[in-house]
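Grab the sequence and the 3D view, and let's work through a few exercises together. Each one sets a task and then solves it step by step.

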Amino acid sequence: MPASPVIPEAVSNVACPFCGLVCDDLEVSTAAGRVTVQANGCALALAAFERGNSDGGTGPRIDGVPASLADAAATAARLLLGSRLPVIGGLATDVEGARAAGRLADRLGGVLDHMNSATFLRNTMVLQDSGWIATTLSEVRNRADLLIVAGGDVVSRFPRFFERCIANGDTLFGEGRTCDVIFLGPGVPAGSTIPGIVPTVIPCDVTQLAAAFGLLRALLAGRPVQAESAAGMPLATWRSLVERMKVARYGVMAWAAGDFPFPHAELTVQSLCELVKELNLEGRFSGLPLGGSDGDITADAVHLWQTGFGSRTSFGQGIPENDAYHHSTARLLARGEADVLVWISSLNEARTPPPTSIPTIVLGCTGMAFEREPAVFIPVGTPGLDHAGHLFRTDRVVALPLQQLRPSTLPSVADVLAAIHAALEES
Amino acid sequence: MLLKLKGGRVYDPANGVDGEIRDLYVRDGQIASTPAPDERIDREYDLGGRVVMAGAIDMHTHIGGGKMNIARAMLPEDHRADPVARTAITRASCGHAAPGTFATGYRYAEMGYTACFEPAILPVNARQAHLEMGDTPMVDKGGYVMLGSDDFLLRLMAAGEDQKLINDYVAWTLQATHCIGIKVVNPGGISAFKFNQRTMQLDEAHPFYGVTPRDILRVLSRAVHELGVPHPLHVHSSNLGVPGNVDTTLGTIRASEGLPIHLTHIQFHSYGTEGDRKFSSAAARVAEAVNSTPNASCDVGQVLFGQTVTASADSMSQQRNSGFANPPKYVVMDIECDAGCGVVPFKYRDRNFVNALQWAVGLEIFLLVNDPWRVFLTTDHPNGAPFTTYPHLIRLLMDRTFRNERLGLIHPDAQALTTVGSIDREYSLYEIAILTRAAPAKLLGLADLGHLAPGARADITVYRNDPDRERMFSAPEYVFKDGDVVVRDGKVVKVTWGRYHRVQPEYDHGIERRLKDHFDRYQTMRADHMRITPDEMHAFGHGADVVTHPCRR
Ligand SMILES: [Zn+2]
C-alpha cells in the first residue's frame, strides 16, 4: 500500500507518465483529491489526469466476485503455481513494477512481453543488427537546424514535441533559433497546424520509405542512380532533400516505430539509420527514435540490465531466452503454449488484455472494462497519480521521478506482484 | 557473533602485513581485535595454508548506466553464448562482455571482489546508473560523475566565472548524483564533436566556447582538490587510441599543475608513431612520467584477447573507431547537452599487430611503473576485456614464464617492438594485494575497506595457495562480505546487496538558482529532477546502506 504523504494543493514540476516525452514541468492542482492540470498539459495529459478523477470504487475480484487483495493475490499465486508457462504481458508500469515483473518471471519460469513489443522490436532489431547514431531531446532543442520527421506527424503520439524541442526561441548558442521541419509522409492531419512551425511536406508513400532512404544514400555517396522516383516522389525531390541534409549543421531524423505498421518495417528503420550514419562521415546528423509510451522503454531497460534481454524473453528453461517470434504473447496464446496470462496495464485503462480462453490475472487501471471477466482482477494505481515511481523517457537516457498526486488506497503494480510473490513462497 | 579465521597467510599491505601467519577475528560485520581469552568463539575457520586478503576493489569498471544498457541491447549473440541459470538463491541473467547486473554481482563476488566503482556516470543518466548498480548484488558500489563537456560548465568557464562558483557546481553535482568522485572524459571533446569537430588537442580551443582541454583539467582538478574530495580528478585524456597520443598524455599529467590526478586506462593513451606501421609503444615514457610525478596515478585498461565491447562516453573517439566494429554495428549518441556515448563491439586478436601491441603496452605499464600504490589493475571492463579475465591478468603479472609463453604467441612484429620479454619483474602477492585492495581504498578515501585491521569491514577473501595464480584467483575458497560467508569454493552461497559509497561536499546554494534558470531555459527536464533523493537511493539499492565519506576540508 502506498504511504499517504501530505499532498500540497498546487504541485509544480509534475512529471507526466502518459507519453514517452515524460514532460516534467506540469502544474497541477490537487484540491479535494481532484487532480487538474493547470499548465503545460497536452491534450493527452489533460484527458488522462481527468480520467483518473472518475475512476475508483472498484476493488479486487475473483471470477467477478469482490475479494480482498490478500485473497486475490493468493488465488493468482495458486493459478501461477499450477502453470506450465505463464506469460507476464502488458507490462505498462513503472521501473518498480518492471523490476517486480522480472523477479516473478524468473521465479515462475515465465515469459516477459510488453504490449508494444511488435512496434518496439522494429527498433531493437536495428540496434542488434547494425546500430545507430542518435540524439536526445535537449540536444534537439538547442542544436537542430533541420528536423526531418519520417512516417508520421509526431504530435498525435507526442503532443508537446515541437513546443519543447523545436519552437523554443532561445538556445544555448543564441537567440531566435530557426529549424527547418520536413515531413516525409502525410505530415500533420488536414486542418491542424503546429504553432510556430511551417513545415515542408513531402507526401511520399511511407510503406516505400526504405527505397527512398536507399536512393538518398546513393545520392549522398555520389553513386549513379537509375531510378526516376522513389516512394512516389520524383528524383528531383530526393536530390534537393539530400542537398539540404548535407548542409545541415545539426540535422535530426525523427521517427516513431509505430508509424511504420507494415511487414519488415525494421528494414525501413535500418535504412533510415544507415543514411544517418553516412551523413556523419562529413557532417553531423542524428536519429531520434520516439517511443517510450505505455512504459515500453522502461520495461525494456529494466529487463535488459537484469538479464541482457528485453521483451519476449522466456525463463522457462531457467535461463533468459529471447526470441522475438516464439515468445510473443499473441503467438503463445494462439498456439495454446501459454496457460496463464498475467496482464499488467497501469497507465491506460483502454489497454485491456488480448482475448484468450486461458485463466487471466489482470493488474489494471480501476476503470478497466472487460469483454470476458478475468479469473483475477486487481485494480492498481497509476504511477505518477496514485503513487510515486519512475519512468524512462523516449531517449533511453533520462529516468524521471513520478509523484503521488492524490490520496489513494490503490496498490502499485510492484506492491501487488510482491504480494503474489509472497503468496507463492507461502504455498 | 564472533568468528575466528585461524592461521591464514595474511597479505594486508595497508597495515604492512606481508604474508604473516595470523588469526583474524570478525565481530558484527567488522574485523575485531583479539578477544579476551574467555570470550566464546561462535565459529572457527581453519585457514592453514590459505592466502587471506581483504575483499578486492575494482576502481574502474563499467557495470551500470545508459551505455552499458545500450551495449546489452546490441549483443544478444554474446548473451546467448554465456547464459547464467537461476538457482534457488540467484537470478537468471547473462554474462560475458556486457553482463546483466545480477551476473555482474555474482561473478565479481565469485572472484573475491567486494566493491566496484562505475567510472562514467552522466549527471542526466545518474538515476539509471544507480538503478542498475542497485540491481547489482553482492558488492559495494559507487560512481564517478562526469563533467567537462557539459554546456553548463563550459558556459561558466567561457564567461570567466570564479573558481568558487565552479566548485559549487561540482559539489552540487556530487550531491545530486550521490557519487564519490569526478571524472572527465576527452575534456571538451564530447561537446566539440557536436560541432562536428573530430579531434581535440590539449591546447586547442573549443569551437564555440574557446576554452581548451587544459583549462578544463585545471579548473576541475582544482575544484576536486579545494572541495577536499579524496579521489583525485579521474581523467580519460584526449586522443584515446590515437598513434602518437603519448604527448597528449604527458601534457595531461602536467596540466593538473601539481594537484593530484588519476589517468584512467592509460594503456590506450601510451602510443607512439615509430616503426614501419607508425604505431609503437610509448609505455616506457608514460611509466617514467608516472614514476617521477608523485601526484599522478593510473589504472591500466589492459587489453586481453577475445570478443568484447567498447563502451565509452567519448563519442568523438568512438565515432572514429566505429569502422573497426566487430561485429559491424555501433551506437554513437549525443546526450542532453551533458555528454555523449559510443558503443562499439570489438574483438582483440593476438595475430593482429595493433591489438598485440596494445596487449604488450598494458603489460609494459604494469611492469615499468615502480610504485604499486599508483598503478591499478583494470581492463577498463569491458573496453580492454571483460572483468572475468582478471585472474588471467594476475597470472601474467606474477608469472614471467607464463607471460613470455604468451608473448611468443602474438603477432611477431609486435613481439619485436615490445620490451615485455626483457623485463624480469614478477608481482608478489603483497603487490597484487596493493593493486587490488589497499591502493584503491586509499585512492578513493575508503577508510574501512581494502584492509584487515580492527574496525575495517569484514570483507575478506580466502584463496587456496595455488602456484597457478589464474586458477587461484578464479575461485576463492571463501569470500566474506560484512562478516558473512557469501561465496564458497567460487560459488555464491548467500546473496547480499552491498553498500553505496559517496561524498557530499558542501556548497553555496546560490548555484541552484543559476541551475534552475539554465534548466528552465535550455534543458528538457527540471533541475530539481536531477537530484536523486535519499529515499530513491534506498529503494534502488534494495535497502543498501549509503555511506558518506568525509571530504578533507
Ligand atoms: Zn572506462
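**Exercise 1: a strand and its neighbours**

Val11(A) sits opposite Val28(A), a residue of β2(A). This is a predicted model, where local features need pLDDT of at least 70, side-chain atom pairs count only at pLDDT 80 or more, and totals for chains, interfaces and linings use all residues. Residues are numbered from 1 along each chain as its sequence is written, chains are lettered from A and ligands numbered from 1 in the order in which they are written, and side-chain values use heavy atoms, with hydrogens and water left out.

Task: work out which strands β2(A) is joined to by three bridges.

- Step 1. Begin with β1 (residues 10-14) of chain A: three bridges join it to β2 (residues 26-29) of chain A, and the two run antiparallel. (Strands, E, at least two residues, and helices, H or I, at least four, are DSSP runs numbered from the N terminus; two strands pair if DSSP finds at least two bridges between them.)
- Step 2. Now take β3 (residues 36-39) of chain A, which is also antiparallel to β2(A) and joined by three bridges. Here Val28(A) has Val37(A) as its bridge partner.
- Step 3. Look at the link: β2(A) and β3(A) make a hairpin with six residues between them, and Ala32(A) in the turn has a positive phi of about 55 degrees.

**Exercise 2: the sheet**

Task: find which strands stand at the edges of the open sheet in chain A.

- Step 1. Write down the order of the nine strands, β5-β4-β20-β19-β18-β6-β7-β16-β17 (chain A), with mixed pairing.
- Step 2. Check the ends: β5 (65-66) and β17 (321-322) of chain A each have a single partner strand, so one side of each is left without a neighbour in the sheet.
- Step 3. Zoom in on one pair: β19 (residues 360-364) and β20 (residues 376-379) of chain A are parallel, over four bridges. Gly364(A) has Pro379(A) in β20(A) as its bridge partner.

**Exercise 3: the zinc ion**

Task: list the protein donors of the zinc ion.

- Step 1. Pick out His60(B) (NE2), His62(B) (NE2) and Asp380(B) (OD), which lie 2.0 to 2.1 Å from the zinc ion. (Donors are N, O and S atoms within 2.8 Å of the metal, or 3.2 Å for Na, K and Ca; water is not among the atoms, so sites may look incomplete.)
- Step 2. Read their spacing in sequence: H-x1-H-x317-D.
- Step 3. Check burial: His60(B) and His62(B) are both buried (under 20% relative accessible area; exposed is over 50%, partly exposed in between, with a 1.4 Å probe and protein chains only).
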